[in-house]
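I opened a new structure today and kept notes as I went. Here is what I looked up.

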Amino acid sequence: MSPERFSGPPPLLVGVVPGQHPEVLQTAATLAQRLSAPLLCAYVDEASYLVEWDPARSAHRLSLHPDKNDDDIRSLTNDLKSAIGSAIPSASPEWTLRTLAGDPARALGRLAAEVNAPMIIVGTPEKGFGHRITELLNGSVAAWLTHHQSRPVLVVPFRMAAHEDRPE
């Protein structure tokens, strides 16, 4: 992992979630290496969701960067760093992890604009009833980004044949 600021070209932004399939990070790392760009991994904590939707005020900068320093966020961050380190080969580009707050698609879009990321990389939604309900209620992060971004969005599919019912 590298420090928060990168030297050289702006980073590719990749959305990460706990338990995410490693294909997303592996694809992002391969692309970043070929482009000689660093990776900015971003996890969005939806616990501050109401800040984003408060009609009495606009979304302020603090809503993008949560100020949480509790044990749950620290533990989650450590787990994500470990998973990222395991998924990305050691010879890959430098990377860092940022924890954001609010609606995942909008937070990723704002962060991409903030760091001038040339591309946003996300995974496809997980299979299963629970994930389908969540997507129905919250919408698809990938779909929102592809419809509302001025920068390219790469959606990395989970590599499992369509006819298979369960992961290998």
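**Starting from one pair in the sheet**

I began with a single pair: L40 sits opposite T96, a residue of β3. This is a predicted model, so I read each entry as a description of that model. Next I looked up the strands behind the pair. β2 and β3 run parallel and are joined by 7 bridges. In general, strands of a sheet pair through backbone hydrogen bonds, either parallel or antiparallel.

I then checked the neighbour pairing. β1 and β2 are also parallel, with 4 bridges between them. There, G15 has A42 of β2 as its bridge partner.

**The whole sheet**

I asked myself in which order the strands stand in the sheet. The order is β3-β2-β1-β4-β5, in an open sheet of 5 strands with parallel pairing. β3 and β5 (153–156) are at the edges with a single partner strand each, so one side of each has no neighbour in the sheet. From one strand to the next, the twist averages 25°.

**β3, an edge strand**

Is β3 enclosed or open to the outside? I counted buried residues: 7 of the 7 in β3 are buried, so the strand is largely enclosed by the rest of the structure. I noted the general rule that side chains in a regular strand alternate between the two faces of the sheet. Both faces of β3 turn out to be covered. On one side W95, L97, T99 and A101 are buried. On the other side T96, R98 and L100 are buried.

**The overall layout**

I stepped back to the full chain. The protein has 7 helices and 5 strands. Along the sequence they follow the pattern β-α-β-α-α-α-β-α-β-α-α-β. The protein has 168 residues, and 40% of them count as buried. I also looked at contacts with a separation of 6 or more: 80% of these join residues 24 or more positions apart. The exposed surface is about 9800 Å², and carbon and sulfur atoms supply 55% of it.

**Two cores**

I went looking for the nonpolar cores. The largest has 21 residues, and V14, V16, L25, L39, C41 and I84 have the most contacts inside it. Elements giving two or more residues to this core are β1 (12–15), α1 (22–35), β2 (39–45), α4 (71–87) and β3 (95–101). α1 gives the most, with 5 residues.

I picked I84 for a closer look. Beyond its neighbours within four places in sequence, I84 is in contact with V16, L25, C41, W95 and L97. Another core lies apart from the largest one; it has 16 residues, including V44, L108, L111 and A117.

**α5 and α7**

I turned to helix α5. This helix lies across β1, β2, β3 and β4 (120–123), and runs at about 130° to β3. R110 belongs to α5, which spans residues 104–115. R110 has 28% relative accessibility, so I listed it as partly exposed. Q149 is 39 residues from R110 along the chain, yet their C-alpha atoms are 9.7 Å apart.

My last stop was L145, in helix α7 (residues 141–148). Its relative accessibility is 0%, so L145 counts as buried. What does L145 contact, leaving aside neighbours within four places in sequence? I found A105, L108, G109, I120, V122 and V153. L145 and V155 are 10 residues apart in sequence, with 9.8 Å between their C-alpha atoms.

Note on methods:
Residues numbered from 1 in each chain as written. Predicted model: local features only at pLDDT ≥ 70, side-chain atom pairs only at ≥ 80, totals over all residues. Heavy atoms only, no water. Core = buried A, V, L, I, M, F, W, Y, C linked by side-chain atoms within 4.5 Å. Buried < 20%, exposed > 50% of the residue type's maximum accessible area, 1.4 Å probe, protein only. Contact = heavy atoms within 4.5 Å. Areas by Shrake-Rupley, 256 points an atom, 1.4 Å probe, with all protein chains shown as cover. Pairing = 2+ DSSP bridges. Axes fitted to C-alpha atoms, helices over the stretch in contact; angles between N-to-C directions.
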